[in-house]
Structures are given as C-alpha cells and as structure tokens.
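Trainee: Could you take me through one part of this model in detail? I would like to look at the nonpolar core.

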Amino acid sequence: MSLKTIGQIKKGIKSLKETEQFVNSFLVNIEKIFRFELNIKRKAKKKIDTSPAYSGNIKKKIEQGEQIADFSKIEINRNFLIKAFHKICEIRKSFNSEKEEEIKKIEEAIDNGKIDFTKIQKNLALHKLSYFNTLSKKISVSKELLHSISLTVYGPIFELCVEMRKDLIKDYVWKKGSCPFCGTNTAMAKFEKEVGRRVLWCPLCGAEWVYKRLECPFCGNDDQKLLRFFYLDDKSPYRVDVCDVCKGYIRTVDERKRDEEIKTNFEIEDMKTLYLNDIAEKEGYKKI
Ligand SMILES: [Zn+2]
Ligand SMILES: [Zn+2]
C-alpha cells in the first residue's frame with residue numbers, strides 16, 4: 001500500500017466508488033484494511049530497523065542487475081507481530097463472518113506457537129507460496145486466507161524498507177521487469193505525464209522503477225511488430241500492453257491521457273483495473 005495518509009486513503013476509496021465497480025460494504029472493508037496497513041507502517045517506522053535488509057555493495061548490485069534487498073533479514077519483534085496478527089484477525093472476523101472459524105484457528109495457532117513468524121517472513125520475501133500450502137494444512141485453514149492475512153502484516157513493513165532507500169534507484173533505468181528490491185514481477189506500469197517515461201510497479205513492496213519504453217518487461221523482446229497494446233475506450237488512461245513472444249501482459253496507466261493532475265496510486269489503480277486482467281486472459285495472454 002503506497003497510501004501514506006488517511007487523506008490519501010479516503011481519496012482512494014472515493015475514486016474506487018466513482019468507478020461503480022464495487023459495492024459499498026466492500027469499500028468500507030477495504031478502507032479498514034488500508035487503515036490497518038497504514039498503522040502498521042507508522043508503528044514499524046518507530047520500532048523496526050529495516051536496514052539489515054541491505055547488505056554488501058549495493059552500488060555494484062544495481063550495476064549488475066542483482067536484487068538489492070532481502071526482506072527476510074529485517075528483524076521484527078515477536079510481540080509486534082503477535083499484536084499485528086491478532087488485530088488483523090479481529091478486523092477480518094468483523095467482515096468475513098463466513099471465515100470466522102478459520103480465522104479463530106489462525107489466532108489459536110499464534111497463541112500456541114504453531115506459527116513460526118520467521119518462516120512466514122522468509123517465504124513471503126522469497127515468494128515461496130508452497131510454504132503456505134504446508135502451513136495451512138497443518139493448522140487446517142485455507143492457504144489463501146493465511147497468505148492474505150500474512151501479507152497484510154508484512155507488506156507494509158516491506159514497503160517501509162523500500163521507502164527508506166528509494167533514492168537508490170531513483171531515475172535509474174533498471175533493465176528488468178522484476179523488482180530491483182525484492183525480485184517480484186511487475187504487475188502494472190505507467191507512462192508519466194511530462195516526458196512519458198515508463199515506470200513499473202512492484203505489487204509486493206510498492207517499489208517503482210524506470211524501465212525502457214518499448215521493450216517487454218517479462219522477456220526483453222523489443223521487436224515492435226510483436227509488441228502492441230489495446231484499450232476499451234480511447235479516452236481512458238487505462239490500456240493493456242501485450243507481448244506476442246512470451247504472451248505476457250501488463251496493465252498500464254497512461255498519465256498523458258489524464259487532464260487533471262491526478263497522481264497515480266498503483267494500489268488503487270490495481271483494483272480499478274482488475275477487469276483488464278480478465279480481458280487480457282481471454283485474449284490468450286497470461287500473468288507472468
Ligand atoms: Zn518489490
Ligand atoms: Zn515478452
């Protein structure tokens with residue numbers, strides 16, 4: 001979540017509402033999640049030192065295109081995590097009543113020490129979703145629920161870790177479509193209003209980096225005949241860029257098509273443009 005103030009959260013919710021894609025109760029609940037995440041980030045800023053995620057010669061790593069951060073190295077106080085997990089479980093129970101029993105099982109597992117936070121952190125950082133499969137079977141809950149609850153707690157901490165050092169890649173043209181900080185594949189892009197730079201976004205840590213305008217971020221294809229884009233409405237700032245070599249696609253916000261000075265907030269744009277995923281997939285493209 002790159003929403004940095006309550007004001008930004010409210011503005012984001014308002015703009016989601018304006019799309020008429022979401023029912024009110026969903027927006028009320030998503031606002032609760034956004035507020036929880038902001039709170040985690042604010043508390044983490046005071047209590048957690050994220051610097052252990054950065055080691056070695058960072059400059060050299062950037063030059064060689066190596067991942068700069070290792071989120072599994074951030075040291076997080078156990079009590080901080082216990083409180084955060086209990087709080088998010090409470091929030092989720094308040095609107096996921098059909099999952100109440102499962103959420104209670106997660107709470108019990110935390111209290112009985114059956115959840116190893118270090119392992120959750122490491123596997124989230126390394127994108128090893130198979131771990132959530134194993135753990136969810138062990139405590140009899142769905143892996144999606146366990147993963148989403150864990151991500152709501154750790155996501156803001158990973159973001160904070162990146163925000164503290166975003167100067168490292170500022171204006172640098174990164175040669176990959178995977179995140180310079182954590183290695184996650186990009187989920188969205190934007191063309192900036194002023195000079196039309198193409199900026200990619202990481203859905204895990206919120207990092208944004210400059211990437212070549214006319215190259216596929218997934219396979220590096222730069223044959224213009226095999227790259228194209230489509231949109232549903234030529235006045236809309238949203239489009240989907242596709243590559244006919246790897247069949248990957250990326251949802252893109254074209255800020256040049258926006259009249260007003262609206263700042264792109266990927267967290268919100270991601271939700272607004274979920275329908276484009278369905279369209280791209282129906283067209284035979286896939287999420288990479
Ligand atoms: Zn990242
Ligand atoms: Zn490609």
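Mentor: Happily; here is a walk through the core and the residues around it. This is a predicted model, in which local features need pLDDT of at least 70 and side-chain atom pairs count only at pLDDT 80 or more, while totals for chains, interfaces and linings use all residues. Residues are numbered from 1 along each chain as its sequence is written, and side-chain values use heavy atoms, with hydrogens and water left out.

The largest nonpolar core (buried Ala, Val, Leu, Ile, Met, Phe, Trp, Tyr and Cys residues joined through side-chain atoms within 4.5 Å; buried means under 20% relative accessible area with a 1.4 Å probe, protein chains only) holds 65 residues. Y54, F71, I106, F181 and C205 have the most contacts inside it. Among the elements that give two or more residues to this core are α2 (24-47), α4 (78-95), α5 (100-111) and β3 (208-211); helices (H or I, at least four residues) and strands (E, at least two) are DSSP runs, numbered from the N terminus. The most comes from α8, with ten residues. Because domain 1 (6-167) and domain 2 (171-282) both contribute residues, the core lies between them; the domain bounds come from an automatic or database domain assignment.

Now zoom in on F181. Leaving aside neighbours within four places in sequence, F181 is in contact (heavy atoms within 4.5 Å) with Y54, Q67, I68, A69, V162, R165, K166, L168, I169, C205 and A207. There is also a second, separate core of 13 residues, including A187, W201, L276 and A280.

Methods: Chains lettered and ligands numbered in written order. Buried < 20%, exposed > 50% of the residue type's maximum accessible area, 1.4 Å probe, protein only.
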